Amino acid sequence: MTHTPRIALAAAALLVSGCASTPAPAELDRLTLEMMKASFREQGIAKLDRLQQDLGQAACSSDKPPAEAVAKEIEATALASIKWPEGGRYLGDWRAGETLAQNGRGMTWTDAPGAPSGGNCYNCHQISKSEISYGTIGPSLYNYGKLRGVKDVAAPESAAIVQYTWGKIYNSKAYNACSGMPRFGHAGVLTQTQMRDLMALLLDPASPVNQ
Amino acid sequence: MRRLIVGAMALACVQLVHAQPTTAEGIARYREMLADGNPADLFEAKGEGLWKQKRGPKVASLEQCDLGKGRGVVKGAFVELPRWFADTQRVQDLESRLLTCMETLQGLDPTVIAATPFGRGEQANMEALAAYVSAASRGQKMSLPQGHTKEREMFELGKRVFFFRGGPYDFSCASCHGEAGKRIRLQDLPELTKNPGDGIGFAAWPAYRVSSGEMWSMQRRLNDCYRQQRFPFPGFASDATIALGVYMGVNAKGAESIAPAIKR
Amino acid sequence: MADPMRVRAQVKGTGAEVRVLMAHEMETGQRRDAAGKLIPAWHITEVTAQHNGKPVLTAHWGPAVSKNPFMFFALKSAKAGDKVVVSWKDNRGDSRTDEAVVA
Amino acid sequence: MNLQRRVALQHGASVAGLMLSLGLLPGVAHAQAAGFNRAAFDAKTLAEVLKALGAGAPTESKDITLQAPDIAENGAVVPLGASTSLAGVKRMLFLVEKNPSALAAAFDLNEGIDANVSTRVKMGQTSNVYAVAFTADNRVLFAQKEVKVTLGGCGG
């Protein structure tokens, strides 16, 4: 075989692959949104508005993290969204918190309208030592308060970690733009009372988490 | 003497601690015990009967169905799906293609089937057919074609769908399946952004679910993932679900298919 | 009519191992439907097995046996070509018989 | 002897004690039950099950092998196996202590098969499971094991 036909063949191959190339990334992004819209329908309480992405959801929908400026904006917006608990009361009942942490229900299309949601916590975290069926998507929360030196939740030296924990549960994106954790307070998944109970599970020195 | 006994007991206790299998080992043993006698066999047999049975308004079997390797070829079809089909001008997954054949060959209404709840009526038949078709490729390696532009485009779209965050929990498929070595409760989560290995993830569905005692196709698997993602309802055999199949299937290239498997 | 069983019988040493899968709901009678109504118990009550026409096993089951039941037993002495017949009856009077040849 | 085994033996002894308090004598020949024994399947405990089957007091025995997982990923399907090399075993039972009815399955064996059977049962919660064998000389032997039933999936 001479050189000429081989070059011609290569050029032809280039031409073919060029013709048959997939659309540009921006066009693919547009097609994806179109496809999502066309593929889903509402069912029960799960309406189509759940596909409307806010800035953070859109920016964190890729295998690459968003630009630093975008991440900062998401975190600042999230921090500003946090509603601190009424009366400065951060802690509820750790027993109720444990029940809530075990409960993985809520907000699916098979859930009844207005049904209270669980915390889904054990799906992703180790919490109390006695529950061996725990997930590992999030970090272990066993000894959460103890490891952070919380001996008295009301003490001034505990204030920073207590507030951070509330903020993390309320809107996790305040501290990590693309955190995998739901925004339990911001998205209205959990009530203030429920969040207080989870706080107690994590921080109350009497909670099994801190034994 | 007494001291000796105490010493022996202490030793026994130490041995006990060492002998105590970890939770992961216990779960692995449980799965191993279930693998011998997978009720998916029952669905596979039912599916084979349905494939050959003359049914529907046109009183025809599915034996002339083209699953991508020519009319009536079942063996090897599963590990190459989803793929492009010229007759429908679509990239189709197994269930979507079965739907096409049920319509064109048997005269059944695909919109009615797509709207039927999982596990009932023609949807139950669909699960059995999926079990039968996948079983015919058991032990083969996943090998989805990517020659057609639309197949490559669906891969790209599937990747974007996989990472699409939404709903009140901000979840995407990647929330659970984007990293290796993670689990929900005690269930291991396959990392689906790459080849997760033989018989894991895409290469393990359809599967018999022991929790519900039912056969689940990949369509049903994805549907329940989206339910737990707190998303709206993905249409049966909709393009987003097929695109996800292309993304996961291409990533799983070379992984051995064990479908229909048995799962918690 | 009930769906067929899957009966597998394989030579092992001088005998044979038999594995049976049955298609059955095995409803416990303790679950409730969406409307809160108790779903009545519906389960296999009796399983029998024969080897070349000779009864070898009779099992009695309650509703605690899992859905789509699995059963394993081992024939002491069997050879390829032998016939194994398995039958079940449920509490609604339904029944099913299937067979396999030892391989 | 390890702790687990000791607890197990104590438990076995209490079952036997209960049998005695019910006035059942060991070694009573068991009835050759024909058909479904309603009373046995309604019984709540090992002792009640054996009583309904007309059997004597059980003894824990190393001759009985109970195959069960330490942990079940799903309580809907828990694989159980029972076997023994003892000759002439006529009947084998599987029981789940904390199920609404304890007896899950009973197998009557002829000479043609080994004392080696398996099936799969539902378990509502973590519980002891028993494999019981009725021997040719009318002894009732058992093995037991705790099976942990875990919560799985997203729980929703």
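## Predicted complex: a sheet across two chains and the A–B interface

Chain C has an average pLDDT of 95, and 99% of its residues score at least 70. The model is predicted, and the predictor assigns the complex an ipTM of 0.82 and a pTM of 0.86.

**The sheet of chains C and D**

Strands of chain C and chain D form an open sheet of 6 strands in the order 1(C)-2(C)-5(C)-7(D)-4(D)-2(D), and the pairing is antiparallel. The edges are strand 1 (6-12) of chain C and strand 2 (64-67) of chain D; each has a single partner strand, so one side of each is left without a neighbour in the sheet. On average, neighbouring strands of this sheet are turned by 15 degrees against each other, direction ignored.

Within chain C, strand 2 (residues 15-21) and strand 5 (residues 70-75) pair in the antiparallel sense over 6 bridges. In this part of the sheet, C:E17 stands opposite C:A74 of strand 5 of chain C.

Chain B contributes helices that lie on this sheet. Helix 3 (residues 40-52) of chain B packs on the sheet and touches strand 1 and strand 2 of chain C. Helix 2 (residues 23-35) of chain B lies across strand 2, strand 4 (78-84) and strand 7 (116-121) of chain D. The angles are listed below.

| Helix of chain B | Reference strand | Angle |
|---|---|---|
| Helix 2 (residues 23-35) | strand 4 of chain D | about 75 degrees |
| Helix 3 (residues 40-52) | strand 1 of chain C | about 120 degrees |

**The interface of chains A and B**

Chain B is also in contact with chain A: 41 residues of chain B meet 56 residues of chain A. About 4,300 Å² is buried between the two chains, and carbon and sulfur atoms give 60% of that area. On the chain A side, the residues that lose the most area to chain B are A:M35, A:W109 and A:I137, which together make up 16% of what that side buries.

Which polar links join the two chains? Between chain A and chain B there are 25 residue pairs in polar contact, both residues at pLDDT 80 or more. The count of salt bridges between chain A and chain B is 5. A salt bridge joins the side chains of A:D63 and B:K159, at 3.1 Å from N to O.

Several elements of chain A supply the side that touches chain B. Helix 2 (25-39), strand 1 (40-41) and helix 6 (121-124) of chain A each supply at least two residues of that side. Helix 2 of chain A gives the most, with 9 residues.

Notes:
Residues numbered from 1 in each chain as written. Chains lettered and ligands numbered in written order. Heavy atoms only, no water. Pairing = 2+ DSSP bridges. Helix = DSSP H or I, 4+ residues; strand = E, 2+ residues; numbered from the N terminus. Axes fitted to C-alpha atoms, helices over the stretch in contact; angles between N-to-C directions. Contact = heavy atoms within 4.5 Å. pLDDT = per-residue confidence, 0-100. Buried area = accessible area lost by both parts, 1.4 Å probe. Salt bridge = Lys/Arg side-chain N within 4 Å of Asp/Glu carboxyl O. Polar contact = N/O pair within 3.5 Å; in protein donor to acceptor, adjacent residues only side chain to side chain.
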